[in-house]
Amino acid sequence: MATVGLHMIAGCLSAKGGQMLRLAACSCGVDRYHRALNLMNGASMTTEAPKTVVVEKFKVSCDGGGADGHPRVWLQIPNEHGWVECPYCDTKFIHSDYAEKA
């Protein structure tokens, strides 16, 4: 049966006989997408808890840290609840004024 590429960013997912597969050579940086697809297909995966960082400013940047990070994004912590999560790596940034509440 032919393999058809479904993931346009890096061609890292393919469909074969109706099954979604993650190829080992994937480097597209959308791991949450892959985890969701693998879990939908019955794969058993353990996921580390996202990192939590207490910060002093309401505007923070995140680049995922290390060589396997992600593009730097700037995040604004809203005053309503005092925290924001990075859309790439799920790191949670909590402003110090709200640290006890979160």
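In this predicted model, three strands line up as an open sheet in the order β4-β8-β7, with mixed pairing. The two edge positions go to β4 (52–55) and β7 (83–85); each has a single partner strand, so one side of each is left without a neighbour in the sheet. Neighbouring strands here are turned against each other by 20 degrees on average, direction ignored. Looking at one of the pairings, β7 and β8 run antiparallel and are joined by three bridges. Within that pairing, V84 sits opposite F93 of β8. V84 also touches a run of residues further off in sequence: L75, Q76, I77, P78, T91, K92 and F93, with residues up to four places away not counted.

Strand β8 covers residues 92–95, and H95 belongs to it. Is H95 buried or exposed? Its relative accessibility is 4%, and because buried means under 20%, H95 counts as buried. Once neighbours within four places in sequence are set aside, H95 is in contact with V55, E56, K57, F58, I77 and G82.

That last partner, G82, is worth a look of its own. G82 is found in the loop between β6 and β7, and with 0% relative accessibility it counts as buried. Apart from residues up to four places away in sequence, G82 touches I77, F93, I94, H95 and Y98. A further pair involving this glycine is G82 and K101: they are 19 residues apart along the chain, and their C-alpha atoms are separated by 8.8 Å.

Next comes the pairing of β5 with β6. These two strands pair in the antiparallel sense, over four bridges. In this pairing V60 stands opposite L75 in β6. Strand β6 has two faces: V73 and L75 are on the covered one, while W74 and Q76 are on the uncovered one. Over on β5 lies K59, which is exposed, with a relative accessible area of 52%. Leaving out neighbours within four places in sequence, K59 is in contact with W74, L75 and Q76. K59 and Q76 are 17 residues apart in sequence, and their C-alpha atoms are 4.6 Å apart in space.

What happens with the nonpolar side chains? In soluble globular proteins, nonpolar side chains tend to be buried together. In this model, the largest nonpolar core has nine residues in all: V55, V60, C62, V73, L75, I77, V84, C86 and F93. The elements that give two or more residues to this core are β5 (59–62) and β6 (73–76). The core list therefore includes V84 and F93, the two residues that stand opposite each other across β7 and β8. It also includes V60 and L75, which stand opposite each other across β5 and β6.

Two of the core members are cysteines, C62 and C86, which raises the matter of disulfides. A disulfide is a covalent bond between the sulfur atoms of two cysteines. How many disulfides does the count come to? The count is zero, and the distances show why. For C62, the closest cysteine sulfur is in C89, 3.6 Å away, which is too far for a bond, because the sulfur atoms would have to be within 2.5 Å. C86 tells a similar story: its closest cysteine sulfur is also in C89, at 3.7 Å, again too far for a bond. As for surroundings, C62 counts as buried at 7% relative accessibility, and C86 is buried too, with a relative accessible area of 1%.

Charged side chains give a short list: the structure holds one salt bridge. In that salt bridge the side chains of R72 and D63 meet, with 3.5 Å from N to O. The two partners fall into separate accessibility classes: R72 counts as exposed at 54% relative accessibility, whereas D63 counts as partly exposed at 34%.

Finally, the backbone has a feature to point out at D90. D90 is placed in the loop between β7 and β8. This residue is not a glycine, although it has a positive phi of about 65 degrees. D90 is buried, with a relative accessible area of 14%, a value that falls under the 20% cut-off.

Notes. Residues numbered from 1 in each chain as written. Predicted model: local features only at pLDDT ≥ 70, side-chain atom pairs only at ≥ 80, totals over all residues. Heavy atoms only, no water. Buried < 20%, exposed > 50% of the residue type's maximum accessible area, 1.4 Å probe, protein only. Contact = heavy atoms within 4.5 Å. Pairing = 2+ DSSP bridges. Axes fitted to C-alpha atoms, helices over the stretch in contact; angles between N-to-C directions. Core = buried A, V, L, I, M, F, W, Y, C linked by side-chain atoms within 4.5 Å. Salt bridge = Lys/Arg side-chain N within 4 Å of Asp/Glu carboxyl O.
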